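Hi,

Here is the structure I promised to pass on. Have a look at it first, and then read my notes below.

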Amino acid sequence: MFDSQMKNGAGIRTGAQYLAGLQDDREIWTGGQRIADVTQAVGIANGAATLGRFMDRQFDPAYQDKVTYLDSDGTRCGMSFKMPKSVEDVKAKGAAFYEWATWSNGMFGRTPDYKNASVMSFAAATGFLAQNTKGQGDYAANMTAFYDYVRTNDKVLTHTLVNPQVSHAQAAAGKFNSDVALHVTKETDAGIYVSGARLLATLGPSADEIEVFPSTVLKADPDNIPFAFAFAIPIATPGLKMICRDTYDHGKSHFDAPLASRFEEMDAVVIFDNVFVPWERLFLYGQPELCNQAFGTTNAVVHMAHQVACGKLAKAEFMTGLLCSILKATGRDKDMAMKGAVSEVMMMTETVRALLYRAEAEAHEDEWGNFVPLRGPLDTSRNLFPKFYPRMVEILQNMGSSSLMATPTEADFENEMAGDLNQYFQVANLEAKDRVALYRLAHDVAISGFGNRQTLYERFFFGPPHLMNAQYFDLYDKDRAIARVDDLLNS
Ligand SMILES: Cc1cc2nc3c(=O)[nH]c(=O)nc-3n(C[C@H](O)[C@H](O)[C@H](O)COP(=O)(O)OP(=O)(O)OC[C@H]3O[C@@H](n4cnc5c(N)ncnc54)[C@H](O)[C@@H]3O)c2cc1C
């Protein structure tokens, strides 16, 4: 299956090529219906078209040198696939991540560069994958081939890492319930069969491939062997089903729903119904202790956190801009309390920038020969942003108040109501329609379904906060801090 999909030298794809690739027999369900074609499906199509336009920019001379690179064969590929061999490479990758993120102001969180960073890291760490001796795969070679395949075919990946939980106590003990959690049911000379479910795959319905990688809380216990694997398969694999959440793109205009009409990246729960995975698509198998280390030891977590930190900077800058635009429009930019509120968002933005700057400046070579940004500042950023972003939204809600509700539609300005609206909806420094446009944007950030999903995404997409914070504590250099206390006590 894998070899026949190899298509060397293709490099970057246009949006049209990406969209054409989604027109397969993938099994995506929403609202009680199976979707025939995600590129035409109301609620998904606009987000896919947006991603297509982003992919087209890889060909635009204004962006090409920033977001792509030429590999040693002369094939032009996405910069996120590049294996960084210097601090300059790390910074160039950061500039590409940031560029992609500015195209949606961070509102399309799951641009393909996120997962590309992960594949790149695993492909560099073949020595780690080669330690896996269970099963019949040559896991290091599989990953090298997969990396070349997705890199030279510009494939769009999603991923799913987390099993559904029946019992939190069971999960806390590192156990999974095989009635629901994804597990191996059969092994043959050709590959394995898996059944069960995985929690969300953001962008899943409009991705080409899904990485099904290990949950990081798999206890190294023989009972967990059926849950221990990492593989990637096409979304259109028989038996793979996705069930979507409600869409937040209700077909409104860009004026009425400025974000939802452009950046809806659908989330879906993934169900595997006796899905066949050939050995050449497996990268880890049957060794929970290796699965637990996978993201950390390969540094995939750091390269992914780098992409995230760049995206969050773009998002934080946008939130600062939105709040400043509102203050300017209302003439409240001289008000001390308002300035204080927005300065809090500015400080959060500059914190995200400073952490990114340090991580890139102190990039260093890892054991796989890649240059990797300094982990500590990126971990700090990814643990702070789930707190920062909801606070930014809260400040926007406080500042917007009823104006976030006083939001007539574009159509209301085109009938006999227009005179009333133009008279009553003006604000100090903006005409009525421009003021409504600005507040409809604020509404889509802070009030709408799209906006609320953004906040939930920021809280959870990188993992449950209690685990991430505890892991941060574990990795922090505590001895140095404790020594300072000991020094004082002993002096
Ligand atoms: C919008 C969105 C998009 C996502 N996209 C993806 C994706 O593309 N791929 C993917 O793999 N995952 C994705 N996720 C899933 C994400 O990884 C999980 O939501 C996250 O790991 C939390 O797991 P859970 O939802 O099962 O929450 P739970 O584990 O049920 O946790 C619920 C709450 O309880 C807390 N909690 C749980 N156990 C404990 C404990 N023992 N002690 C203290 N507190 C505890 C958690 O911190 C959390 O606050 C996404 C999530 C969201 C919301």
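Let me begin with Glu394, which at 38% relative accessibility counts as partly exposed. Keep in mind throughout that this is a predicted model. Arg391 is partly exposed too, with a relative accessible area of 28%. The two residues form a salt bridge, and their closest N and O atoms are 2.8 Å apart. Both belong to helix α14 (residues 375-400), and because they are 3 residues apart there, about one helical turn separates them.

That pair is one of the 25 salt bridges that the structure holds. As background, side chains of opposite charge can pair when their charged atoms come close.

Which residues are joined into one network by salt bridges that share partners? They are Arg245, Glu264, Glu265, Asp267 and Arg453. Within this group, the side chains of Glu265 and Arg453 meet at 3.2 Å, N to O. This pair links distant parts of the chain: Glu265 sits in the loop between α10 (260-263) and β11 (267-278), Arg453 sits in helix α17 (residues 449-460), and the two positions lie 188 residues apart in numbering. Is Glu265 buried or exposed? Glu265 is buried, since its relative accessible area of 1% falls under the 20% cut-off. Arg453 counts as buried as well, at 8% relative accessibility.

Helix α17 takes part in another long-range contact, through Glu458. The side chains of Lys315 and Glu458 meet in a salt bridge of 2.6 Å, N to O. Lys315 lies in helix α12 (residues 300-330) and Glu458 in α17, so this bridge ties together parts that are 143 residues apart in sequence. Lys315 and Glu458 are both buried.

Now to the sheet. It is an open one of 6 strands with mixed pairing, and the order is β2-β1-β10-β11-β7-β6. The edge strands are β2 (33-34) and β6, each of which pairs on one side only. On the β6 side, strand β6 (residues 183-187) pairs with β7 in the antiparallel sense over 4 bridges. A hairpin joins these two strands through 3 residues, and Glu187 stands opposite Ile192 in β7.

On to the other partner of β7: β7 and β11 are also antiparallel, with 9 bridges between them. One place to check this is Ala197, whose bridge partner in β11 is Ile271. How enclosed is β7, and why? Of the 12 residues in this strand (residues 191-202), 9 are buried, so β7 is largely enclosed by the rest of the structure.

Ile271 turns up again on the surface. Together with Trp29 and Ile243, Ile271 forms a nonpolar patch with about 240 Å² of accessible area. Trp29 is located in strand β1 (residues 27-30). With a relative accessible area of 32%, Trp29 is partly exposed, and this value is over the 30% that a patch residue needs.

Helix α8 (residues 139-153) is another element to look at. Its 15 residues should span 21 Å at 1.5 Å a residue, which agrees with the 21 Å between its end C-alpha atoms. Because 11 of the 15 residues are buried, α8 is largely enclosed by the rest of the structure. The buried ones include Tyr139, Phe146, Tyr147 and Tyr149, and also Asn142, Arg151 and Asn153. Just after the helix, Asp154 takes a positive phi of about 50°.

Two more backbone spots deserve a look when you go through the loops. Asn299 has a positive phi near 70°, in a residue other than glycine. Asn299 belongs to the loop between α11 (288-297) and α12, and is buried with a relative accessible area of 15%. Ser401 is not a glycine either, yet has a positive phi of about 45°. The loop between α14 and α15 (418-424) is where Ser401 lies.

That's what I have for now. Over to you!

Notes. Residues numbered from 1 in each chain as written. Predicted model: local features only at pLDDT ≥ 70, side-chain atom pairs only at ≥ 80, totals over all residues. Heavy atoms only, no water. Patch = residues over 30% accessible without salt bridge, like charges linked within 9 Å, V, L, I, M, F, W, Y side chains within 5 Å. Areas by Shrake-Rupley, 256 points an atom, 1.4 Å probe, with all protein chains shown as cover. Salt bridge = Lys/Arg side-chain N within 4 Å of Asp/Glu carboxyl O. Buried < 20%, exposed > 50% of the residue type's maximum accessible area, 1.4 Å probe, protein only. Expected span 1.5 Å × (residues − 1). Pairing = 2+ DSSP bridges.
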